[in-house]
Amino acid sequence: MVSELVKKIRTTHKIIIGDSRNMEEIEDESVHLIITSPPYPMIEMWDSTFKHLDEKINELWKRMIVESNKRRKEQLVRSIYELMHENLAEVWKECYRVLVDGGIACINIGDATRSIDGVFRLFPNHSKIIEHCEKIGFITLPYILWKKPTNKPKYKGKGAFLGSGFLPPNAYVTLDCEYILIFRKGEPRKFQPHDPLRYASAYTKEERDRWFTQIWDIVGTKQTIGEKRVGAFPEEIPYRLIRMFSIIGDTVLDPFLGTGTTTKVAITLNRNSIGYEIDESLLPIIKEKVGISQKLLTSNYSIEIIKRECFNQFSNSL
């Protein structure tokens, strides 16, 4: 009975080429789950993205490069970092608006380490996102630490290090974990008793015991496609999160779609999806990943691609 009900479900998927700081295509309280990985502030590969998004960042960056006074340079770095997170916060505000009461937002983010003018420091991105999301109204839930293999230097294959090797005190701890921050809008979702789709979405005891632990040990995915650097996460990440925090027929949103991983997994798990991507040059990769060219007329899902004209030239500016 339940399996027949699931077979009848037809899901819809929207891929929107545009800026997710304004998600006007989505109605209030119509999304059940958000899974995303935004550009990481103060990670070099994302510098140009933030400069494009906000001219203030671009101008401050130019001033920071030529500034010779170390104190003023540090002030400019802090201002740039704050502005990067303020731009991301505009997306988190939209996420809060479109989520249903009890909806969940999962944000994969890594902290950044960087040397600027010879000064090495940490930029704690995860804590800034928590700070902004709390101000918006989200409730912070226990987060997941995603332990990734490290590419940092190693001494004879044993242990990663940054700094002075065996001589204290000027070495640094290596970052080999990223965060999957988990937020909820309001109180937990409510369901009708014995909701058939909720029961059809159940995970096993083995899955529950493996997924609902704080440390996930999952191998990362390829970060370069052709000559283009991307920040894609492996399919196992959205697979687990969709199974954990949504039911069949729900709508999943990814405001930083990237190469389309969240959409692909949502299709396979009978969830609806919406994805925003500002870089139009990624659209062919997204189409290939979600299998638009191979899609059969008998498939139980539909895909719509929407392009906002004002962002068609984004990729040419990077």
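# Notebook: rings, cores and cysteines

I started with the rings and got 10 aromatic pairs in the structure. Note to self: this is a predicted model.

I picked out one pair, Trp92 with Phe256. The two rings are edge-to-face, 6.0 Å centre to centre with 70° between the planes. I then checked where the partners sit: Trp92 belongs to helix 4, while Phe256 is in the loop between strand 13 (251-254) and helix 9 (261-268), so this pair ties together parts that are 164 residues apart in sequence. Buried or exposed, I wondered about Trp92 and Phe256? Both are buried.

Next I followed the ring pairs to see what they join up. Tyr203, Trp211, Phe212, Tyr239 and Phe245 are linked by ring pairs into a cluster.

Then I went looking for charges over rings. Lys185 lies over the face of Tyr96, 4.9 Å from the ring centre. I also noted Arg240, which lies over the face of Trp216 at 4.8 Å from the ring centre.

Arg240 got me onto helix 8. How many of the residues of helix 8 (residues 236-245) are buried? I get 8 of the 10, so the helix is largely enclosed by the rest of the structure. I wrote down the buried ones: Ile237, Pro238, Arg240, Leu241, Ile242, Arg243, Met244 and Phe245. Both arginines, Arg240 and Arg243, are on that list.

On to the nonpolar cores. The largest has 46 residues, and Met42, Trp92, Phe183 and Leu253 have the most contacts inside it. Which helix gives this core its largest share? That is helix 4 (residues 70-98), with 12 residues. I also found a second, separate core of 21 residues, which includes Cys106, Trp216, Met244 and Val265. So Trp216, the ring under Arg240, and Met244, one of the buried residues of helix 8, both turn up in this second core.

I went back to Met42 for its neighbours. Leaving out residues up to four places away in sequence, Met42 touches Trp61, Val77, Ile80, Tyr81, Met84, Ala112, Arg114, Ile116 and Phe123.

Last job: cysteines. The disulfide count comes to 0. I looked at Cys95 in particular, and the nearest cysteine sulfur, on Cys133, is 7.9 Å away; a disulfide would need the sulfurs within 2.5 Å, so this pair does not qualify. Cys95 counts as buried because its relative accessibility is 2%. Cys177 is partly exposed, with a relative accessible area of 28%.

Notes:
Residues numbered from 1 in each chain as written. Predicted model: local features only at pLDDT ≥ 70, side-chain atom pairs only at ≥ 80, totals over all residues. Heavy atoms only, no water. Buried < 20%, exposed > 50% of the residue type's maximum accessible area, 1.4 Å probe, protein only. Core = buried A, V, L, I, M, F, W, Y, C linked by side-chain atoms within 4.5 Å. Helix = DSSP H or I, 4+ residues; strand = E, 2+ residues; numbered from the N terminus. Contact = heavy atoms within 4.5 Å. Phe/Tyr/Trp six-rings, centres within 6.5 Å; stacked < 30°, edge-to-face > 60°. Lys NZ or Arg CZ within 6 Å of the ring centre and 35° of its normal.
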